[in-house]
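Colleague: I should like to learn how to read the features of a model such as this one. Could we go through them in turn, beginning with the fold?

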Amino acid sequence: MSEQTPPPERAAESPAPQPETQAPPQQQRANGGRDGVILEVTDIHTYYGSIHALKGISLQVREGEIVTLIGANGAGKSTTLRSINGLNNPRKGRIVFQGKDITNDPAHSIVKMGISQSPEGRRLFPHMSVLENLEMGAFQRTDRQNFKEDLDRVYALFPRLAERKTQRAGTLSGGEQQMVAMGRALMARPKLVMLDEPSMGLAPIFVERIFEIVKEINQQGTPILLVEQNAMMALDVAHRGYVMETGHIALTDDAKALAKNEQVQKAYLGMD
Amino acid sequence: MNVFFIGLTNGAVYGLVALGYTLVYGILQLINFAHGDVFALSGLVAFSVLSGKFLGITSDDSMVIIIGALLLCLILTMPLFAVGNALIELVAYRRLRTAPRLAPLITAVGVSFIVQNVGLAVYDVEFYGATELLPRSNAIEIGSFAYQWNKLIVLLIVVPLLVSLTWFVRSTRQGKAMRATAQDKDASAMMGINVNRTISVTFALAGALAAAAGLLFLLQFNMRYDTGFQLGLFAFTAAVLGGIGNLSGAVLGATIIGLIEAFNEGLRWGHPLDGAWFFPDVGAPSDWTRAVIFGILIAILVFRPEGLLGERTAEGT
Ligand SMILES: Nc1ncnc2c1ncn2[C@@H]1O[C@H](COP(=O)(O)OP(=O)(O)OP(=O)(O)O)[C@@H](O)[C@H]1O
Ligand SMILES: [Mg+2]
């Protein structure tokens with residue numbers, strides 16, 4: 001194999017900001033940092049006890065974007081989300097959300113600032129009904145009057161949940177549980193949603209639907225940080241992507257370029 | 001019939017303590033061995049409040065004064081032990097939250113000894129009781145059915161407490177946070193619930209209920225620094241019987257244990273072995289209460305570990 005097409009930027013070697021190749025659709029009011037950057041993660045190191053899980057991760061999410069984080073099992077994708085959401089605060093580095101340093105904030109106050117998520121494995125409250133789970137999503141909100149409106153929005157995205165609202169979450173099918181997890185994240189009226197493998201374990205028809213919904217949520221104005229095993233689909237809906245390898249970012253580029261990148265194709269898209 | 005009501009009354013006291021075990025277990029999967037001792041210490045403190053220099057209540061005072069004093073005592077001891085129990089969690093258990101389960105369990109045994117020793121240091125080995133404070137005259141009397149004042153007060157205090165606890169857990173924001181935290185701590189934190197504060201509130205509730213139980217016990221029986229050991233085990237058995245982690249289960253289990261104890265001791269039936277030639281003297285039935293109750297504990301653990309009202313779930317869920 002000889003020379004390749006233009007090599008993707010290597011994140012570690014070029015800390016300079018990305019050229020705006022493909023601007024996301026709604027590049028509106030700069031709600032915080034420069035260039036509409038809403039979340040800025042800079043060189044974070046996160047540990048599980050003595051296990052050094054993240055060895056200097058940097059990434060950004062801008063207003064209106066879908067950013068995807070792909071990589072093999074154990075690369076540290078979920079750990080990156082847990083560092084941002086406050087469940088595993090990093091020991092080194094900085095996380096800035098809407099201009100505020102949230103590096104060491106506890107999880108419950110980060111939700112209040114506007115980051116919500118659908119975690120890996122869904123993590124519903126199994127003994128509560130679908131409706132109660134959705135209510136828990138709005139737990140930290142004080143504006144109760146908008147609650148009904150948001151519930152209608154979630155039911156519009158997932159009509160199945162309206163039918164099942166009194167059923168206990170633990171007895172739902174995997175796909176239905178995934179819908180509850182995403183709906184619950186939206187009930188927080190987030191300014192950024194993080195989705196950890198929303199398509200995991202779902203039938204192909206559900207997978208397509210989930211990605212359509214990811215796009216729909218984004219088009220309604222919410223930026224999304226999407227962790228996925230299904231790199232093909234993820235790169236298809238995302239504006240930009242980061243490829244993780246054992247605790248660091250190996251590659252970053254806009255999603256179209258990553259999908260064409262040979263290394264990515266070999267490693268994550270199952271092509272030769 | 002009277003035996004039945006004695007059982008119900010004792011069961012109500014066990015129930016308050018059992019709720020403390022079950023609340024804490026539900027949220028931390030920790031058997032808080034110190035809980036029985038917190039109960040005993042609260043009873044002794046209640047004695048100090050009621051007697052001597054402080055309130056100086058005697059059975060000669062009028063019913064209104066006595067009941068007022070009892071309520072005042074609860075207003076003092078319940079918040080005191082709520083805070084105390086929350087502090088125990090903060091100091092002894094919080095840092096071990098992610099440690100293997102054995103570590104907090106051993107710590108709980110340690111805390112149990114510490115609390116007991118505080119009781120011993122302050123109150124020595126003597127027994128204290130306020131059993132004469134409330135008249136044993138009948139408060140309600142219909143035919144052969146009689147209910148005495150000193151038993152009635154127990155239900156008068158326990159029933160409102162259970163109603164408010166149920167309301168709190170079912171309907172308040174903090175109660176919802178408790179139920180969510182019991183099901184999944186990480187997910188709860190992701191919903192914006194302050195998990196640490198929720199656990200503190202749970203311990204505080206358990207402590208307050210134990211303080212109420214301490215006073216009620218003091219009105220029925222004599223107690224001292226180590227009374228909490230056996231009563232704690234009875235209450236724990238009740239919690240397991242009903243399904244540990246399940247609030248109604250704890251009350252149901254405690255009622256059953258109270259009734260078993262009362263019938264075992266009250267009916268003076270002969271034990272099957274009593275007087276048999278090979279084992280002529282097995283003693284009074286009350287000597288057997290503990291054996292019966294712990295026999296039940298073992299039987300549940302073997303045959304139905306999830307308890308009467310508990311659900312069969314995988315470990316740790
Ligand atoms: N609770 C934990 N304790 C110890 N190590 C952990 C823990 N959770 C994750 N790790 C380790 O941290 C590394 C990163 O894990 P992480 O879950 O972030 O990977 P991932 O990229 O999300 O993988 P997957 O695609 O399988 O979900 C792995 O090596 C994993 O073994
Ligand atoms: Mg993961």
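Modeller: Helices and strands are DSSP runs, of at least four residues for a helix and at least two for a strand, numbered from the N terminus. The model is predicted. In chain B, the order along the sequence is α-α-α-α-β-β-α-α-α-α-α-α-α, giving 11 helices and 2 strands.

Colleague: How compact is chain B for its length of 317 residues?

Modeller: The radius of gyration of chain B is 20 Å, close to the 20 Å given by the globule rule for 317 residues, so chain B is as compact as a globular protein of that length. Its C-alpha trace spans about 60 × 55 × 40 Å along the principal axes, and 50% of its residues are buried.

Colleague: Which residues touch the most other members of the largest nonpolar core?

Modeller: In soluble globular proteins, nonpolar side chains tend to be buried together. Here the largest nonpolar core has 88 residues, and Phe39(B), Leu70(B) and Tyr93(B) touch the most other members. Helix α8 (residues 195-220) of chain B supplies the largest share, 17 residues. Among the residues that Leu70(B) touches are Leu50(B), Ile153(B) and Leu219(B). Another core, of 45 residues, lies apart from this one and includes Leu124(A) and Met233(A).

Colleague: Which protein donors does the magnesium ion (ligand 2) have?

Modeller: Ser78(A) contributes OG and Glu120(A) contributes OE twice, at 1.9 to 2.7 Å from the ion. Ser78(A) lies in helix α1 of chain A and Glu120(A) in the loop between β6 and α3, so the pair ties together parts that are 42 residues apart in sequence. Ser78(A) is buried, at 17% relative accessible area, whereas Glu120(A) is partly exposed, at 35%.

Definitions and conventions: Residues are numbered from 1 along each chain as its sequence is written. Chains are lettered from A and ligands numbered from 1 in the order in which they are written. This is a predicted model: local features need pLDDT of at least 70, side-chain atom pairs count only at pLDDT 80 or more; totals for chains, interfaces and linings use all residues. Side-chain values use heavy atoms; hydrogens and water are left out. Donors are N, O and S atoms within 2.8 Å of the metal (3.2 Å for Na, K and Ca); water is not among the atoms, so sites may look incomplete. Buried means under 20% relative accessible area, exposed over 50%, partly exposed in between (1.4 Å probe, protein chains only). A nonpolar core is a set of buried Ala, Val, Leu, Ile, Met, Phe, Trp, Tyr and Cys residues joined through side-chain atoms within 4.5 Å. Contact means heavy atoms within 4.5 Å. The radius of gyration is taken over C-alpha atoms; the globule rule is 2.2 Å times the number of residues to the power 0.38. Lists of a residue's contacts leave out its neighbours within four places in sequence.
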